[in-house]
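Colleague: I have a structure to go through with you. Could you take my questions one by one?

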Amino acid sequence: MAESTAPTKVEHLLPAGLVPGPVELSLVVPALNESITVGEFVDWCHQGLKQAGVTGQILIVDSSTDSTPQIVLEHGGEVLRVPKRGLGRAYIDAIPYIRGKWIVMGDADLTYDFRVLAPFVQKFREGAEYVMGSRFAGSIEDGAMPALHRYFGTPLTTWILNVIYGSKYTDIHCGMRGVTREGLAKIDLKSQSWEYASEMVLKAARLHLKIAEVPVKFYKDREGRFSHHRRMGWMSPWIAGWLNLKVMLVYTPDSFLLRPGTVMLTLGLLLSFVLGFGPVTIGPIGFNLYWMLLGLTCATLGYSFIQIGIIARIMHGLRPGVAGKLQRTLSYDRGMILAGVCSGVGFLLVGALVWRYVQEGLKLSQISHPAILGLLLIILGFQTFGFTLLLEMSQRVVARRDS
């Protein structure tokens, strides 16, 4: 069988006799040089669709240089030839060619059992918008998953995502997952590589899609076939994990900045204002200049955390309506007035110190706590000024994006 050359543009190939039309379930699966397994995999897909009792589409998104696309067509599957640009990019390229109202994704290497599609279909019929497969709730064949992934990497990153998003996933890295067409549009996939997996699960949680989980079977690689991670070397799993962690952090800075920032700002302001006119002693504990400097540091850092978290919440667009609520609460006028008041009071307090400094012959005999409080208010005032401008600009950018 003749081998293919690497595709340079998107090309949609149909098997002989297939007339495209609407279907219930689309199986959308990327493939890269999977000639060893892809023929049997497409057969599995046909079997799974038949047993689930649904009309279906088998769409293999292919960037191969071997005979993978020819084999897919011979077994009755559709081929979308795309340039090799990453796993996430393959799914993005496939979106215009998906004909089903439900979508199941996975791998073409026979590690996930596509003969068993009925649980996904059942959850879709029950109203689920995002159906996550779980190898831990199903079964994992001996040798299918490295111990580092099985007992450390996957459980740890799953726990981190659940803590951040309040979700209840058991296996966020499972490659077999389903989503409705409308749900996929809401997720608005952006990731180009492996991190698409984390982007999907975290966006499904943040957008409050109706999520369900189903057990899946996970098999080890067939004889003679090596996973893409193994082909890329021992660093590949670590790179994939780092990319997935990056996505978790990029799409949720508000989750780990707003609450800590609020605590730090509150504590910082409390210390700064209580000590703003001199040291305070409570029982055996003395609160002096060093406590005030700690308060100043906490206040400025906490306020910065809050600002970044709010801007992130607007920019990633995963909380519908949040931009409008913020615009009503944190308006331009209110921001500018607050910035002016903080800066003005701060300059008055610092000005009093400067006046005394001049009066005493350019010497200071003691530390001025009010002046330190004034410096904090000046910093917060200028932070508020810059944040108000940035907030106004970001809201206009979002408005243009949504229009």
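Modeller: What follows is a conversation about this model, which is predicted.

Colleague: Let us begin with the inside. Which residues touch the most other members of the largest nonpolar core?

Modeller: They are Leu25, Phe114 and Tyr130, in a core of 72 residues.

Colleague: What is Phe114 in contact with, leaving aside its neighbours within four places in sequence?

Modeller: Its contacts include Leu27, Val29, Phe41, Trp44, Cys45 and Met176. Val104, Met105, Gly106 and Asp107 are also among them. Apart from that core lies another one, of 22 residues, including Leu289, Met292, Leu296 and Leu376.

Colleague: Now the strands. Which way do the residues of E4 point?

Modeller: Strand E4 covers residues 78-81. Glu78 and Leu80 point one way, Val79 and Arg81 point the other way, and all are buried.

Colleague: How many bridges does E4 form with E1, and in which sense do they pair?

Modeller: Strand E1, residues 11-13, pairs with E4 over 3 bridges in the antiparallel sense. Within this pairing, Leu13 stands opposite Val79.

Colleague: And how many bridges join E3 to E4?

Modeller: There are 4 bridges between E4 and strand E3, residues 56-62, and these two strands run parallel. Asp62 has Arg81 in E4 as its bridge partner.

Colleague: What do E3, H2 and E4 make together?

Modeller: They make a right-handed β-α-β unit, in which helix H2 spans residues 68-74.

Colleague: What about E5: which strands does E5 pair with?

Modeller: E5 pairs with E2 in the parallel sense over 5 bridges, and 4 bridges join E5 to strand E7, residues 177-180, in an antiparallel arrangement. Ser26 stands opposite Ile103 in E5, while Val104 has Gly178 in E7 as its bridge partner.

Colleague: How many residues of E5 are buried?

Modeller: E5 is mostly covered, with 5 of its 6 residues buried.

Colleague: Let me change topic to charges. How many salt bridges are there?

Modeller: The count comes to 13 salt bridges. In general, side chains of opposite charge can pair when their charged atoms come close.

Colleague: Take Glu24 and Arg125. How far apart are the N and O atoms?

Modeller: The N to O distance in the salt bridge between Glu24 and Arg125 is 3.7 Å. Glu24 lies in strand E2 (residues 23-31) and Arg125 in helix H4 (residues 118-125), so this pair ties together parts that are 101 residues apart in sequence.

Colleague: Glu78 came up earlier. Which residue does Glu78 form a salt bridge with?

Modeller: Its partner is Arg99, and the closest N and O atoms are 2.2 Å apart. Because Glu78 lies in strand E4 and Arg99 in the loop between helix H3 and strand E5, the pair ties together parts that are 21 residues apart in sequence.

Colleague: Why does Glu78 count as buried?

Modeller: Glu78 counts as buried because its relative accessibility is 2%, and the cut-off for buried is under 20%.

Colleague: Where do Asp188 and Lys190 stand, then?

Modeller: Asp188 and Lys190 form a salt bridge, with the closest N and O atoms 3.3 Å apart. Asp188 is partly exposed at 39% relative accessible area, and Lys190 is partly exposed at 47%. Elsewhere, salt bridges that share partners join Arg85, Arg89 and Asp93 into one network.

Colleague: How many disulfides does the structure hold?

Modeller: The number of disulfides is 0.

Colleague: Why is there no bond between Cys45 and Cys174?

Modeller: Cys174 holds the cysteine sulfur closest to that of Cys45, but the two are 15 Å apart, which is too far for a bond. Cys45 counts as buried, at 0% relative accessibility.

Colleague: And what is the distance for Cys342?

Modeller: The sulfur of Cys342 is 18 Å from the closest cysteine sulfur, in Cys298, which is again too far for a bond. Cys342 counts as buried, at 15% relative accessibility.

Colleague: Turning to helix H7, how many of its residues are buried?

Modeller: In H7, residues 196-206, 11 of 11 residues are buried. Among them are Tyr196, Glu199, Lys203 and Arg206. H7 is followed by His208, whose phi is positive, near 60 degrees.

Colleague: One last residue: is Ile36 buried or exposed?

Modeller: Ile36 is exposed, with a relative accessible area of 55%. Ile36 lies in the loop between E2 and helix H1. Ile36 and Asp109 are 73 residues apart in sequence, and their C-alpha atoms are 8.2 Å apart in space.

Notes:
Residues numbered from 1 in each chain as written. Predicted model: local features only at pLDDT ≥ 70, side-chain atom pairs only at ≥ 80, totals over all residues. Heavy atoms only, no water. Core = buried A, V, L, I, M, F, W, Y, C linked by side-chain atoms within 4.5 Å. Buried < 20%, exposed > 50% of the residue type's maximum accessible area, 1.4 Å probe, protein only. Contact = heavy atoms within 4.5 Å. Pairing = 2+ DSSP bridges. Right-handed = clockwise from strand over helix to strand, strands pointing away. Salt bridge = Lys/Arg side-chain N within 4 Å of Asp/Glu carboxyl O. Disulfide = S-S within 2.5 Å.
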